[in-house]
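Work through the exercises below with the sequence and the 3D view side by side. Try each task before you read its solution.

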Amino acid sequence: MAGAGEDDAAPPPPSPDRQQPMEEAAAAAKRSRSENHHGLADGPSFRMEDLPAEVQPVIISLLPLKEAVRTSIVSRSWTTLWRFHCDLCFDVDSNTDDNSAHQVNGTGTNDQSTNRYNTKITRAKFMETVNSVIQRHSGIGINKFSISCDLHKEDSHHLDKWIRFAASSKAKIIDFHRKISDYRVEEAPHFPLEALDAQGSSFVQSLSLASVSIKPRSGICRFTILRRLVLSSVQIFGDFPGLLAKCSRLEDLEIKWCSGVDDLIVPHTLDKLQHLLIAGMDVQMVEFHATDLAHFEYKGRVTPIVLHGCLKLEKATIAFEASNVLPHAFNVIPSISPVKILIVRAFISKYGQSLELPLRPQGMFMHLRHMTCKIIVLARDVNDYNGVLQLAHWLDSAPRLETLDLHLPMQMSYLRSGAFVSAEVAGVEAPCMRRHDHLKTVFMSGFQCYKSQIELACCILGNASVLEQLTVEAIWGDDDYRRICEWAEVTSKRFGKVITVLDAPLNSE
């Protein structure tokens, strides 16, 4: 029976007529695979060494520096290719392995162990690695030289050596960012600006510095091709306006949280400057001559700002730190009047000192088309303070405004339950505002249906003759959303305008 079971389970043998074609097909497939194999082996093959010598380093430069160094163990002829890498970027937070560390130091061989482990480079090891790389690099064709590390003041001689290497290599982009968790100004290393003119002129087109000190001197060369300068938390000694005067082709200037400068007064004309950002500066005066300026940004304390000859200005961003200074955003910088886009951020508080609203001539912002305002209201009873209504006064100075974005968040700690107004308030009288014949789109976020928000919305609805839609973004929960929808329905019928209510975003506070 067992034998019969085995015979039943075994497949029937193929018939002689079918067996021969199957064998021929298998043999043909085998010959085809063999021919294809020999064809690939016998045909022309690509090797890096076959490329022109000047092309090989260009290809290797497409890899990150660490990967480019690792290629040196692939072939003996590739050992020096990484030394022509055009972007030398070092970051102390980068992880490395034992094998690649030896390779960067020029000691990697084909017999290196492939066991790898991640470790954070110590400051000493980092400086050793950078010194080793620049010692072995050809110093030819460098595009970008970037270092991000925690360097102390006593290590300034290393920084001096690195920057002199970058300058002698004619690097176009130089970035040095001191990465530290507890920044102390007195411990900032000195960045040697004088090293950039080691050859009598500077080839740097972009210079970005963070958490260092600089000392501009009268003998420093003219940065004739510098187009971008970024200074962040930099301690400035010496003649800073004089330094900017040497940057005749500067297009982008950012000065953020720097110290050592009492006034930012630059009497020389920067006729190529297109973007100017000033943030967190404790200065008494800001004055620039920039005839080609297109975008101006200021974030910080209220201070006099004068921009001469900025007839091409298209966009301005103003963010004041103090409360109740909204009029300053529209009043103290008359030179921003040509802008087409204006972004304003301000605090208004019932408990701070109020400023009188100066009268403005109609049409101050004749070219303004898009305005974004973020006004943070500080008040314990949201229905007992109407400071946000002063915005209606300033809308009069932009008669050709087409798009208005209003962000009106309340400070959480000042809110209290029961502060919302019912839909009956939809019939309140709107504050006085001139007619707007171009305003088509209005968006209001942080909408909580409190009294001054409703008055401002009604003011806009009643005076924007071509308004296509008012969109309000609700805040808080479902009950508030329903209350706002009720108000929107009543108000829409009153003014004959479409009002769309959006639910609160998921990340709203």
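**Exercise 1: A loop residue**

Thr79 sits in the loop that runs between helix 4 (65-70) and strand 1 (87-91). Keep in mind that this is a predicted model.

Task: Decide which exposure class Thr79 belongs to, and find how far Thr79 is from Ala68 in space.

Solution.
- Step 1. Take the relative accessibility of Thr79, which is 34%.
- Step 2. Compare with the cut-offs: buried is under 20%, exposed is over 50%, and partly exposed is in between.
- Step 3. Thr79 is therefore partly exposed, because its value is 34%.
- Step 4. Now go to Ala68, 11 residues away from Thr79 in sequence. From C-alpha to C-alpha, the two are 10.0 Å apart.

**Exercise 2: Helix 11**

Task: Compare the reach of helix 11 with its expected span, then state how many of its residues are buried.

Solution.
- Step 1. Helix 11 covers residues 451-463, which makes 13 residues.
- Step 2. The expected span is 1.5 Å times one less than the number of residues. For helix 11 this gives 18 Å.
- Step 3. From first C-alpha to last, helix 11 reaches 18 Å, close to the expected value.
- Step 4. Burial comes next. Of the 13 residues, 11 are buried, and helix 11 is mostly covered. Among them are Ile454, Leu456, Cys458 and Leu461.

**Exercise 3: The nonpolar core**

Task: Name the residues with the most contacts to other members in the largest nonpolar core, and find which element gives the core its largest share.

Solution.
- Step 1. The largest nonpolar core has 128 residues. Phe191, Phe288, Phe296 and Ile336 touch the most other members.
- Step 2. Helix 11 supplies the largest share of this core, with 7 residues.
- Step 3. Zoom in on Ile336. Leaving out residues up to four places away in sequence, its contacts include Phe296, Leu307, Ile318 and Phe365.
- Step 4. Put this in context: in soluble globular proteins, nonpolar side chains tend to be buried together.

**Exercise 4: A sheet of three strands**

Task: Give the strand order of the open sheet with 3 strands, and identify its edges.

Solution.
- Step 1. The order is 11-13-15, and the pairing is parallel.
- Step 2. Strand 11 (264-269) and strand 15 (305-308) are the edges, since each pairs on one side only.
- Step 3. On average, neighbouring strands of this sheet are turned by 10° against each other, direction ignored.
- Step 4. Strand 11 joins strand 13 (residues 286-289) over 3 bridges. Here Leu264 stands opposite Val286 in strand 13.

Terms used. Residues numbered from 1 in each chain as written. Predicted model: local features only at pLDDT ≥ 70, side-chain atom pairs only at ≥ 80, totals over all residues. Heavy atoms only, no water. Helix = DSSP H or I, 4+ residues; strand = E, 2+ residues; numbered from the N terminus. Buried < 20%, exposed > 50% of the residue type's maximum accessible area, 1.4 Å probe, protein only. Core = buried A, V, L, I, M, F, W, Y, C linked by side-chain atoms within 4.5 Å. Contact = heavy atoms within 4.5 Å. Pairing = 2+ DSSP bridges. Axes fitted to C-alpha atoms, helices over the stretch in contact; angles between N-to-C directions.
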